[in-house]
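User: Hi! I am new to reading protein structures, and I would like to go through this one with you. Could you show it to me?

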Amino acid sequence: MAEVKITSLHKKYGAFHAVRGIDLEIPDGEFTVLVGPSGCGKSTLLRMIAGLEEITDGEIEIAGEVVNEMRPRDRDVAMVFQDYALYPHMSVSRNIGFGLKARKMSKAEIDGRVRAAAEMLGITDLLDRLPRQISGGQRQRVAIGRAIVRSPRIFLFDEPLSNLDAQLRDEMRGEIKRLHQDISTTMIYVTHDQIEAMTLADRIVLMRDGVIEQQGAPLDLFERPASIFVAGFLGSPKMTFLPGRLEIGDKGAAVALGDGAVVIPLPADRPLAGATNGMSVILGVRPEHVSRAKGQDLGPGHLRQEVAIDLLQPTGSRSYATFKLAGMPVMAELEAHDVSRPGETIAVDINLNRASLFDAASEKAI
């Protein structure tokens, strides 16, 4: 078992408080992704788990054992770095098996583990080459292979795909996901890329300014964001935010946008705990929840609106169209041929059952 338990963890660099009281439990075999903007503390947290950064305060347990004072090599974790960190004068085979040789394993065992890892990663035909003779994606596979052969309790990944181009990133995401399915070892992965976080994670831990803003299954964070920060960070294109005023009356609740010219009724079953009439709110609508209206009105929980398209961004399979609602830009994700040109007027349906509502003052979800 290789569960990780982090309790009241702090890291300070002089006056700068990089990690501020993190509490986190990662079950054995889970793929946890630490995500957030640059400077949020995610890489620092990963390096403290690895033993590469000293802990200012708090505890880290691996498999029930406190490892605060344990040397990195004694923690039985393997780390894959952003820059591959391969020895340029060694073949791929020797790079993968280097750590095992340092542990004085027999040549036969090293060769067996290296070949098994190479077969798993599809790089068997590269074993005799030098790092300069292979591509960036292949080098990252070699770095992952070096971690695999150690059979560690935990794999740690520190933005391993950030140096690759878009196509290679897509391929390597699939490789890493498949690797986790095959070996079921605990993995902790750091990235600033929300697409990587959504596609790889069993659980996302979204960090901001050294604390955890929200954690949970990817779709939980995407569909039920706890704050404007979470809602804006996850999703591409990002959520549209519409400031307005909450109106609560006998017929239900609604959000009045701008000067009140556009009033958006909220679903009758929407919980409004702590909300008050007249409070300033932010209505959040994702582009995929705005579609071109077709056929009959979709009924309660949907708003149909005539709009003029200001900007059209085709992607091939879909088109992103921007229009204004109460003078504020809103983006819709439409089918490829729903709109032919900017300036066209169409009817759109906004799915308010999927919309988010936030307190404008606290920026927390209502």
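User: At what angle do the axes of helix α3 and helix α4 cross?

Analyst: Happy to help, and please keep in mind that this is a predicted model. Two packed helices are described by the angle between their axes and the distance between the axes. Here the helices are α3 (residues 107-121) and α4 (residues 136-148), and their axes come within 9 Å. The crossing angle is roughly 135°.

User: Are α3 and α4 parallel, antiparallel, perpendicular or oblique to each other?

Analyst: Angles over 145 degrees would count as roughly antiparallel, and 65 to 115 as roughly perpendicular. The axes cross at roughly 135°, and the crossing is right-handed. The two helices are therefore oblique.

User: Which residues of α4 meet α3?

Analyst: From the α3 side, the residues in contact are A117, M120 and L121. By class, the contact has five nonpolar, one polar and one charged residues. On the α4 side, the residues are R141, I144, G145 and I148.

User: How far apart are the end C-alpha atoms of helix α5?

Analyst: Helix α5 covers residues 166-183, which is 18 residues. At 1.5 Å a residue, α5 should span 26 Å. The model agrees, because the distance between its end C-alpha atoms is 26 Å.

User: Which residues of α5 are buried?

Analyst: Buried here means under 20% relative accessible area. The cover over these residues includes β3 (31-35), α3, α4, β8 (186-191) and α6 (194-200). The buried residues themselves are M172, R173, E175, I176, L179 and H180.

User: Is Y84 buried or exposed?

Analyst: Y84 sits in the loop between β6 (77-80) and α2 (92-102). Its phi is positive, about 70°, although Y84 is not a glycine. Its relative accessibility is 11%, so Y84 counts as buried.

User: What is the relative accessible area of A63?

Analyst: A63 belongs to the loop between β4 (57-62) and β5 (65-66). A63 is not a glycine, yet it has a positive phi of about 55°. This residue is partly exposed, and its relative accessible area is 31%.

User: Which residue follows α5, with a positive phi?

Analyst: Look just after the end of helix α5. The phi there is near 55°, and the residue is S184.

User: Which residue does a cis peptide bond join to S236?

Analyst: The partner lies in the loop between α8 (228-233) and β11 (240-249). Omega for this cis bond is about -5°. The residue joined to S236 is P237.

Conventions:
Residues numbered from 1 in each chain as written. Predicted model: local features only at pLDDT ≥ 70, side-chain atom pairs only at ≥ 80, totals over all residues. Heavy atoms only, no water. Axes fitted to C-alpha atoms, helices over the stretch in contact; angles between N-to-C directions. Helix = DSSP H or I, 4+ residues; strand = E, 2+ residues; numbered from the N terminus. Parallel < 35°, antiparallel > 145°, perpendicular 65-115°, else oblique. Left-handed = near helix turned anticlockwise from the far one by under 90°. Contact = heavy atoms within 4.5 Å. Nonpolar A, V, L, I, M, F, W, Y, C, P; charged D, E, K, R; others polar. Expected span 1.5 Å × (residues − 1). Buried < 20%, exposed > 50% of the residue type's maximum accessible area, 1.4 Å probe, protein only.
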